[in-house]
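Hi there,

Here is the structure I promised to pass on, and my notes on it follow below. Could you read them with the model open beside you?

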Amino acid sequence: MGREHTDTWFFFGDSITLGVNDNEQPGGYVSRLALLAAADKAFAMPPATFYNLGARRQTLSQIEARFEQEYTARLMPGIRSRLAFCTGTVDIKGGADPVQLSRDVLRLVTRAKDIAPTLFICPFPVADDTSNKALATFAALAKEACRSLNVPCINIFDALLAQDFCSLLTDAVHPGPQGNALIARLLWAQPELKTFLTVED
């Protein structure tokens, strides 16, 4: 009411983005990240708005199939939108090829960046060495795919491993409160993320 605009961020992903198993902070790393950024005065909250649009067990292609409709359903006059995606874990755990998955990322962010400023967050480690090798390969390829389109891509995979992130998983895949807090802190330390979340009127 009476505002010229409302800065709004849409985070799409799977159950890790949704914050499943974080029993202290609903919304997992996304809500923790929003609070960290607000505390650092990246934006004013309110009116800044965050939508956590994670959905359990969803693959990249399922997220791609739904993101535009869900984004459009939340539009309102004066909204200034940004789109963030964190996906790939479900695909890799299901045996997807990292090379093909990186091509899927290219297709996804090509669509998204024509709608609003877009950011891709590479998926995080799990408690499975085979999956982690594939996830690390995918993260490197996804970063190259995003770079080719001048879309920022954040990869904190190695940084998480260095801080014993897998010990903070509740079920070999989903981080608990401490794991989500660590993700949020590491993400907020990335220059690309600060640019993505900082409002400059």
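Let me start in the sheet, where cysteine 86 stands opposite isoleucine 121 in E4. Helices (H or I, at least four residues) and strands (E, at least two) are DSSP runs, numbered from the N terminus. Strand E3 covers residues 79-86, and 4 bridges join E3 to E4, the two running parallel.

Before going further, please note that this is a predicted model, in which local features need pLDDT of at least 70 and side-chain atom pairs count only at pLDDT 80 or more, while totals for chains, interfaces and linings use all residues. Residues are numbered from 1 along each chain as its sequence is written, and side-chain values use heavy atoms, with hydrogens and water left out.

**The sheet**

The sheet is open and has 5 strands, in the order E2-E1-E3-E4-E5, with parallel pairing. Two strands pair here if DSSP finds at least two bridges between them. Strand E2 (49-54) and strand E5 (153-154) are the edge strands, each pairing on one side only.

Leucine 119 belongs to strand E4 and counts as buried, with 0% relative accessibility. (Buried means under 20% relative accessible area, exposed over 50%, and partly exposed in between, with a 1.4 Å probe and protein chains only.) Leaving aside neighbours within four places in sequence, leucine 119 is in contact, meaning heavy atoms within 4.5 Å, with Leu83, Ala84, Phe85, Val151, Pro152, Cys153, Ile154, Leu193 and Phe196. Its C-alpha atom is 8.1 Å from that of valine 109, a residue 10 places away along the chain.

Just past E3, threonine 87 sits in the loop between E3 and H4. Threonine 87 is buried too, at a relative accessible area of 1%. Its contacts, again without neighbours within four places in sequence, are Thr59, Leu60, Ile63, Leu108, Phe120, Ile121, Pro123 and Phe138.

**A buried cysteine in H6**

Cysteine 146 is in helix H6, and its 0% relative accessibility makes it buried. Not counting residues up to four places away in sequence, cysteine 146 touches Val105, Val109, Phe120, Val151 and Cys153. Of these, Val105 is 41 residues away in sequence, yet the C-alpha to C-alpha distance is 7.8 Å.

**Two helices side by side**

How do H3 and H5 cross? The axes of helix H3 (residues 60-73) and helix H5 (residues 98-113) come within 10 Å and cross at roughly 10°. That makes H3 roughly parallel to H5. The cut-offs are under 35 degrees for roughly parallel, over 145 for roughly antiparallel, 65 to 115 for roughly perpendicular, and oblique for the rest. Axes are lines fitted to C-alpha atoms, for helices over the stretch in contact, and angles run from 0 to 180 degrees between N-to-C directions.

From H3, the contact uses Leu60, Glu64, Phe67 and Glu68, and from H5 it uses Leu101, Asp104, Val105, Arg107, Leu108, Arg111 and Ala112. Sorted by class, the contact has 6 nonpolar, no polar and 5 charged residues. (Ala, Val, Leu, Ile, Met, Phe, Trp, Tyr, Cys and Pro count as nonpolar, Asp, Glu, Lys and Arg as charged, and the others, Gly among them, as polar.)

**Salt bridges**

Side chains of opposite charge can pair when their charged atoms come close. The whole structure has 11 salt bridges, each being a side-chain nitrogen of Lys or Arg within 4 Å of a carboxyl oxygen of Asp or Glu. Here are three of them.

- Arginine 107 and glutamate 64 meet at 2.8 Å, N to O. Arginine 107 lies in helix H5 and glutamate 64 in helix H3, so this pair ties together parts that are 43 residues apart in sequence. Arginine 107 is partly exposed at 39%, whereas glutamate 64 is buried at 7%.
- Arginine 66 pairs with glutamate 70, with the closest N and O atoms 3.0 Å apart. The two are 4 residues apart in helix H3, which means about one helical turn between them. Arginine 66 is buried at 12%, and glutamate 70 is partly exposed at 22%.
- Lysine 93 pairs with aspartate 128, the closest N and O atoms being 3.3 Å apart. Lysine 93 is in helix H4 (residues 89-93) and aspartate 128 in the loop between strand E4 (118-121) and helix H6 (129-148), 35 residues apart. Lysine 93 is partly exposed at 40%, as is aspartate 128 at 25%.

Finally, salt bridges that share partners join Glu64, Glu68, Asp104, Arg107 and Arg111 into one network.

Best wishes
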